[in-house]
Amino acid sequence: MCLFNFQDSDPSIRRRALDLVYLLVNEVNVKPLTKELTEHLEVSDPEFKGDLTAKICSIVERFSPEKIWYIDQMLKVLSEVCINW
């Protein structure tokens with residue numbers, strides 16, 4: 001369930017929504033929110049993709065519950081960015 005609309009035509013609204021999600025992430029919700037953000041990375045426009053990628057990587061680095069999950073998420077993000085950039 002996506003709680004935030006990153007598809008808004010106004011870039012400032014997309015960035016504010018991303019900033020809000022970034023601030024809401026913690027040890028309890030890191031996995032579902034990272035999944036949502038990574039899924040959105042697949043369809044985001046190029047001007048938003050850089051900020052989204054940076055935030056996902058930062059979230060994963062800060063709140064990763066285990067090393068294997070960290071590696072898995074980083075590989076997902078990097079492969080998505082490399083394929084669709």
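Partly exposed here means a relative accessible area between the buried limit of under 20% and the exposed limit of over 50%. With that in mind, here are some notes on this predicted model.

1. Let me start with Lys55. At 22% relative accessibility, Lys55 falls in the partly exposed class, because buried would require a value under 20%. Lys55 forms a salt bridge with Asp19, and the closest N and O atoms of the pair are 3.3 Å apart. Lys55 sits in helix α3 and Asp19 in helix α1 (residues 11-24), so the bridge ties together parts that are 36 residues apart in sequence. Asp19 is partly exposed too, with 36% relative accessibility.

2. The two helices joined by that pair also pack against each other. The axes of α1 and α3 are 11 Å apart and make an angle of about 5 degrees, so the two helices are roughly parallel. On the α1 side the contact is made by Pro11, Arg14, Arg15, Leu18, Asp19 and Tyr22. The α3 side contributes Glu47, Phe48, Asp51, Leu52, Lys55, Ser58, Ile59 and Arg62. You will notice both Asp19 and Lys55 in this contact.

3. Next, please have a look at α2 (residues 30-41) against α3 (residues 46-63). Here the packing angle is about 160 degrees and the axes are 10 Å apart, so α2 and α3 are roughly antiparallel. The crossing of α2 past α3 is left-handed. From α2, the residues making the contact are Val30, Thr34, Leu37, Thr38, His40 and Leu41. From α3, they are Phe48, Lys49, Leu52, Thr53, Ile56, Ile59, Val60 and Phe63.

4. A spot I would enjoy discussing with you is Glu80, in helix α4 (residues 67-84). Which side chain of opposite charge is nearest to Glu80? That is Lys49, 4.5 Å away; Glu80 is buried yet has no salt bridge. The cut-off settles this case, because a salt bridge needs the nitrogen and the carboxyl oxygen within 4 Å. Leaving aside neighbours within four places in sequence, Glu80 is in contact with Leu41, Glu42 and Lys49.

5. Lys49 itself deserves a word. This lysine is found in helix α3 and, at 2% relative accessibility, counts as buried. Lys49 also takes part in the contact between α2 and α3. For a sense of distance along the fold, Lys49 and Leu24 are 25 residues apart in sequence, with 20 Å between their C-alpha atoms.

6. How many salt bridges does the structure hold? There are seven. One of them joins the side chains of Glu39 and Lys35, at 2.8 Å from N to O. Glu39 and Lys35 are four residues apart in helix α2, so about one helical turn separates them. Glu39 is partly exposed, at 41% relative accessibility.

7. Helix α4 has a pair with this kind of spacing: Lys76 and Asp72 are four residues apart, about one turn of the helix. Their side chains meet in a salt bridge of 3.5 Å, N to O. Lys76 is partly exposed, with a relative accessible area of 39%, and Asp72 is partly exposed at 34%.

8. Finally, do not miss the salt-bridge network that links Arg14, Asp45 and Glu47. Arg14 and Glu47 are also among the residues of the contact between α1 and α3, Arg14 from α1 and Glu47 from α3.

How values were computed. Residues are numbered from 1 along each chain as its sequence is written. This is a predicted model: local features need pLDDT of at least 70, side-chain atom pairs count only at pLDDT 80 or more; totals for chains, interfaces and linings use all residues. Side-chain values use heavy atoms; hydrogens and water are left out. Buried means under 20% relative accessible area, exposed over 50%, partly exposed in between (1.4 Å probe, protein chains only). Lys and Arg count as positive and Asp and Glu as negative; His and the chain ends are not counted. Contact means heavy atoms within 4.5 Å. Axes are lines fitted to C-alpha atoms, for helices over the stretch in contact, and angles run from 0 to 180 degrees between N-to-C directions. Angles under 35 degrees count as roughly parallel, over 145 as roughly antiparallel, 65 to 115 as roughly perpendicular and the rest as oblique. A crossing is left-handed if the near helix is turned anticlockwise from the far one by less than a right angle, and right-handed if clockwise.
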